[in-house]
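Here's a set of exercises to work through with the viewer open. Try each task yourself before you read its solution.

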Amino acid sequence: MTWILISLPLITIFVYTYLRMLSKSNLKGEIFYHTFFQTSISFLLVILFFFQGFIEKFYVIVIIVALLLLISLFYFLKDNDLSFTISGVLKLEAIKNNILFVGITILSLYVSLTIFRYMDWYFQILFSIVTVITLIVLSQILRKKLEFFYQDVKNWITESGISKYFVLWGVFGFVLFAGLFIQIPTNNIKQFLNLNNNSKYFVFQGLPNDIKNNYEQELLFSMNITSSSSGKNIEDFYIENNTVYFSYGNTIEKYDMEKSALIGKYYLEMAIDYEEKEIFKNRFIEYENSLYYYDSSGFYKLIDSEADKISDYSTANSKIFYNEEGRLSFLTRKSDILYDIHYLLNGSIIFEKTVDISLLGYEDLVVISDSLFYKQNNDYILFVDTNYTFKNVSSERAYNSNLKKMYYFSDFEVFVDDGINQKKILRYLGYDISSTGFVGDMLIFRTELNLEKARLIMYNDDYESLYLFNHLDTDTFLIDKDYKSGYIVNYREYNDDLSFVQVETRNNGEERLIQVFELVEKPTDLILPIYSHFGLYILLVILVCVFVPITDDIKYVTYLGNENFGKKKN
């Protein structure tokens, strides 16, 4: 399918160029000569600027640029019997026309298929074709209206004196003013047109060019807080039916999501200002049909309107994990070699055993993704089954207890280890993985701490499909009213989907926007490897292709009556 999609613009350019040359000349040699070079140059240019999403490796770009230079130098500088009847300006015009035609037809078709991809396949194709036909008709209408204007502008630029500089500087001044004070709130437009989860343009990250991007965020809850306390340093959240809990400092707030109303508060023993946001570290824990909270002040059970502290075990002195029976347990360190293990039963903490790692030949006990491991150098041995050893594991890591597989990120590469073999599943260049974890069975790599640049690389539960999701910050029309910073509190499972809380601030942090989103996978009937290629700004390229007329300067050329010249057709 990929090769068909790449070949379609090549075929379109060839046919369009050949028919155009056929209408201008009777000489077959001249027709095929110009058709070959104009098609080659035009195709290489549209691949670079329109369809770069098909290219995964940077060296391919280098090859394309080298070919483009060689072919262009020969075509424009080499004189022969087949080339001298058409000047360099007319050659450039023909290439420009080819690019415009592809932009109106093939590019707009691919972008339309991306925009309408959540429809039934027949509606997706129908609306995409209607869009392309509409753009073609509009470009033809504008061509008749704007061709003389376009010619006048070209003449004015080449012939006018100092007046053009006043105009150009005026345009520059307007763009500068607009850039300083005005912005188009593009994120809502991106999401509405399904163009928000695209891969970066001309950034070679190692992601496959057919990566899926059909996860979309849906708003569950939103509120603005202007007080100096609420909304700051949110550590975790939890959603239960139509209720959402937020924790910050020594306070837990409970909100009705339908009414956006505060309906309860819980107070913990000590106030802690959390500066570090630990993604994938759950503080709210649902266990035995009860809701618990676990932080640096202790372990609490949330009952009605109060937080009942049932243990001094906290994030500062213990780690939570689940044993082979799914029982919630606590690991506490007594000395360099001794660890105590307790478990939770009916709201009480029960001692289970003490582990002496020196007797077993290990150097440490650690918890990864709620599972317990022995550690020896960079090797991790599963506590409940020492037959599973994961060697040379470093950097960010996550463990799936159901599959007994370790996933970790090292030197821009993502590996999976089943205890026997290590396999590289992704090479992700140019970005740091800030955090790694599981939400349900979804493996997530999160890049960038800055909300505006944050994205998720996700594997589904069969670990065969790779997904891309770009976080969207809240933008406004006036830049001084914009939210200046933001962060993601955590990712949790909700209704078998991924949910997260996004916090953004403005007015020096006094005003905060708190939003709860659910990430929903939308079905796509027609699976194509182009849906992650195009972002919102590709629409500007299509508009330029529509409004810039396809000109025909060659009609102004007069062929002299020499028998070696082809007779120009009318």
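**Exercise 1: An aromatic cluster**

Task: Find out which residues form one aromatic cluster together with Tyr33.

Solution. Start at Tyr33 and look for rings around it. The cluster takes in Phe36 and Phe37, and also Phe74, Tyr75 and Phe76. Now stay with Tyr75 and look for a charge: the charged end of Lys91 sits over the Tyr75 ring, 4.5 Å from the ring centre. For another example of this arrangement, go to Tyr388, where the charged end of Lys404 sits over the ring at 5.9 Å from its centre. Keep in mind that you're looking at a predicted model.

**Exercise 2: The chain as a whole**

Task: Work out how many helices and strands the protein chain has, and how much of the chain is buried.

Solution. Count the secondary structure to begin with: there are nine helices and 28 strands. Next, turn to burial. The chain has 570 residues, and 49% of them count as buried. Then look at the outside: the exposed area is about 29,000 Å², with 57% of it supplied by carbon and sulfur atoms. Last, check the contacts: among those with a separation of 6 or more, 54% are between residues 24 or more positions apart.

**Exercise 3: A sheet of four strands**

Task: Put the strands of the open sheet that contains β4 in order, and say which ones stand at the edges.

Solution. Walk across the sheet and you get β2-β3-β4-β5, with antiparallel pairing. The edge strands are β2 (234-240) and β5 (261-267), each of which pairs on one side only. On average, neighbouring strands in this sheet are turned by 20° against each other, direction ignored. Now zoom in on β4, residues 251-256: six bridges join β4 to β5, and the two run antiparallel. One of the positions to look at is Asp256, whose bridge partner in β5 is Ala261.

**Exercise 4: A second sheet, and a ring pair that involves it**

Task: Which strands make up the open sheet that has β10 at an edge, and what stands opposite Ile320?

Solution. Take the order of the strands to start: it's β10-β11-β12-β13, and the pairing is antiparallel. β10 (318-322) and β13 (348-356) each have a single partner strand, so one side of each has no neighbour in the sheet. Neighbouring strands here are turned by 30° against each other on average, direction ignored. Between β10 and β11, which run antiparallel, there are five bridges. Go to Ile320 and look across: Phe330 in β11 stands opposite.

Now follow Phe330 to its ring partner. The structure holds 41 aromatic pairs. In one of them, the ring centres of Phe299 and Phe330 are 5.0 Å apart and the planes make an angle of 85°, so the pair is edge-to-face. This pair links distant parts of the chain: Phe299 is in strand β8 (residues 298-303) and Phe330 in β11 (residues 328-333), 31 residues apart. Phe299 has 0% relative accessibility, so it's buried. Phe330 is at 0% too, so it also counts as buried.

**Exercise 5: Another ring pair**

Task: Describe how the rings of Phe373 and Phe390 are arranged, and where the two residues sit.

Solution. Begin with the geometry: the centres are 6.1 Å apart and the planes are at 70°, an edge-to-face pair. Then place the partners: Phe373 belongs to strand β15 (residues 371-376) and Phe390 to strand β17 (residues 389-390), with their positions 17 residues apart. Finally, check accessibility. Phe373 is buried at 0% relative accessible area, and Phe390 is buried at 0% as well.

**Exercise 6: Two buried residues**

Task: Are Ser42 and Tyr531 buried or exposed, and which residues do they touch?

Solution. Ser42 is in helix α2 (residues 28-49). Its relative accessibility is 0%, so Ser42 counts as buried. Leaving aside neighbours within four places in sequence, Ser42 contacts Ile13, Ile95 and Asn98.

Tyr531 lies in the loop between β28 (511-521) and α9 (538-547). Its relative accessible area is 8%; buried means under 20%, so Tyr531 is buried. With neighbours within four places again left aside, its contacts include Leu113, Thr114, Arg117 and Asn213. To finish, compare positions: Tyr531 and Ser112 are 419 residues apart along the chain, yet their C-alpha atoms are separated by 9.9 Å.

Methods
Residues numbered from 1 in each chain as written. Predicted model: local features only at pLDDT ≥ 70, side-chain atom pairs only at ≥ 80, totals over all residues. Heavy atoms only, no water. Pairing = 2+ DSSP bridges. Axes fitted to C-alpha atoms, helices over the stretch in contact; angles between N-to-C directions. Phe/Tyr/Trp six-rings, centres within 6.5 Å; stacked < 30°, edge-to-face > 60°. Buried < 20%, exposed > 50% of the residue type's maximum accessible area, 1.4 Å probe, protein only. Lys NZ or Arg CZ within 6 Å of the ring centre and 35° of its normal. Contact = heavy atoms within 4.5 Å. Areas by Shrake-Rupley, 256 points an atom, 1.4 Å probe, with all protein chains shown as cover.
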